[in-house]
Amino acid sequence: NVARPPLNDRRVRQALSLAIDRERLTERAVRGGTRPATHFTPDGMGGYTAPDRLRFDPTEARRLLAEAGFPEGRGFPAVELLIDSRELHRVVAEAVQQMWRQHLGITITLRNEETQVLNASKRTMDFQMVRGSWNATTYQDPIYFLGAWQTTGLYNEAKWSHAAFDQLIDSTWTSDLARRQAAFRQAETIFL
């Protein structure tokens, strides 16, 4: 929920992302031969290749968190991660919670809700952070993943907003595939 401190600070959100070791997460928590995500939109969506932007860099994460006013995690307020009751979601959340403690010195508490209750919490913005997932069951196109995050996007549950991102997504409604792919790549770079 980017309207609530401290998550309204981009540096805090970036620090949280950089402190997640996705390789370790997939090997030890998720298992099953999955690959760590290095971008938001899955490979192969409509011929789109997403830019690799997600990385593990705890040194940069600590620098950004300190720059945001929380050196070594000191003074970081209580933050809650909302998860649903599925076992895998709990396992992943606990692993990420431990990584944030180890690499940033912050403690995040977990709040478990049944899926229907969690969805209601998202609709009313009654969360700080929420574990989510997304899949392309409707159609295989990057607009399904990235278009949802436009300011007025139906599934923009975090209420994130970025004017340049919105303009880039609007520009993807073209038959010029090269221009469309370039716009998606720029938009995803902003988003991540």
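This is a guided tour of a predicted model, moving from the whole chain to its sheet and then to single residues.

**The whole chain**

Begin with the full protein in view, coloured by secondary structure. Eight helices and three strands make up the protein, and along the sequence they follow the pattern α-α-α-β-α-β-α-β-α-α-α. The radius of gyration is 17 Å, close to the 16 Å that the globule rule gives for 192 residues, so the protein is as compact as a globular protein of that length. Aligned with the principal axes, a box of roughly 50 × 35 × 35 Å holds the C-alpha atoms.

Next, switch to a surface representation. The accessible surface of the protein is about 10,500 Å², and carbon and sulfur atoms contribute 50% of this area. Of the 192 residues, 44% count as buried. Among contacts with a separation of 6 or more, 68% are made by residues 24 or more positions apart.

Colouring by charge shows 25 positive and 23 negative side chains. The centres of these two sets lie 2 Å apart.

**The sheet**

Select residues 79–84, which form strand S1, together with S2 at 108–113 and S3 at 129–130. In what order do the strands of this open sheet lie? The order is S2-S1-S3, and the pairing is parallel. Strands S2 and S3 stand at the edges with a single partner strand each, so one side of each has no neighbour in the sheet.

Keep S1 selected and examine its two pairings in turn. Towards S2, the pairing is parallel and extends over six bridges; within it, Val-79 has Ile-108 of S2 as its bridge partner. Towards S3, two bridges join the strands, which again run parallel. On this side, Leu-82 stands opposite Val-130.

Is S1 enclosed or open to its surroundings? Five of its six residues are buried, so S1 is largely enclosed by the rest of the structure.

**The segment before helix H1**

Move to the N-terminal part and select Pro-5 and Pro-6. These residues are joined by a cis peptide bond, with omega about 0 degrees. Pro-6 belongs to the segment before H1. Most residues other than glycine have a negative phi, and most peptide bonds are trans.

Asn-8 is in the segment before helix H1, which spans residues 10–18. With a relative accessible area of 43%, Asn-8 is partly exposed. Setting aside neighbours within four places in sequence, Asn-8 has contacts with Val-2, Ala-3 and Arg-13. Display Gln-128 as well: Asn-8 and Gln-128 are 120 residues apart in sequence, yet their C-alpha atoms are 9.9 Å apart in space.

**Phe-70 and its surroundings**

Now select Phe-70, in the loop between helix H3 (58–67) and S1. Its relative accessibility is 14%, and Phe-70 counts as buried. Which residues does Phe-70 touch, beyond those up to four places away in sequence? They are Pro-6, Val-12, Leu-65, Gly-75, Phe-76 and Pro-77. Pro-6 is thus met again here, having appeared above at the cis peptide bond. For a long span across the model, draw a line from Phe-70 to Leu-192: the two are 122 residues apart in sequence, and their C-alpha atoms are 22 Å apart.

**Two residues with positive phi**

Select Met-125, in the loop between helix H5 (115–123) and S3. Met-125 is not a glycine, but its phi is positive, at about 60 degrees. Met-125 is buried, with a relative accessible area of 16%.

Then go to Lys-159, in the loop between helix H6 (142–146) and helix H7 (163–170). Lys-159 is likewise not a glycine and has a positive phi, of about 65 degrees.

**Trp-149**

Finish in the loop between H6 and H7, where Trp-149 is found. Is Trp-149 buried or exposed? Trp-149 is buried, with a relative accessible area of 19%. Apart from residues up to four places away in sequence, Trp-149 touches Phe-40, Asn-156, Ala-158, Trp-160, Phe-165 and Phe-191. To close, add Arg-53 to the selection: Trp-149 and Arg-53 are 96 residues apart along the chain, and 17 Å separates their C-alpha atoms.

Definitions and conventions: Residues are numbered from 1 along each chain as its sequence is written. This is a predicted model: local features need pLDDT of at least 70, side-chain atom pairs count only at pLDDT 80 or more; totals for chains, interfaces and linings use all residues. Side-chain values use heavy atoms; hydrogens and water are left out. Two strands pair if DSSP finds at least two bridges between them. Helices (H or I, at least four residues) and strands (E, at least two) are DSSP runs, numbered from the N terminus. The radius of gyration is taken over C-alpha atoms; the globule rule is 2.2 Å times the number of residues to the power 0.38. Buried means under 20% relative accessible area, exposed over 50%, partly exposed in between (1.4 Å probe, protein chains only). Contact means heavy atoms within 4.5 Å. Accessible areas come from the Shrake-Rupley method with a 1.4 Å probe; for residues, only the protein chains shown count as cover. Lys and Arg count as positive and Asp and Glu as negative; His and the chain ends are not counted. The place of a charge is taken as NZ of Lys, CZ of Arg, CG of Asp or CD of Glu.
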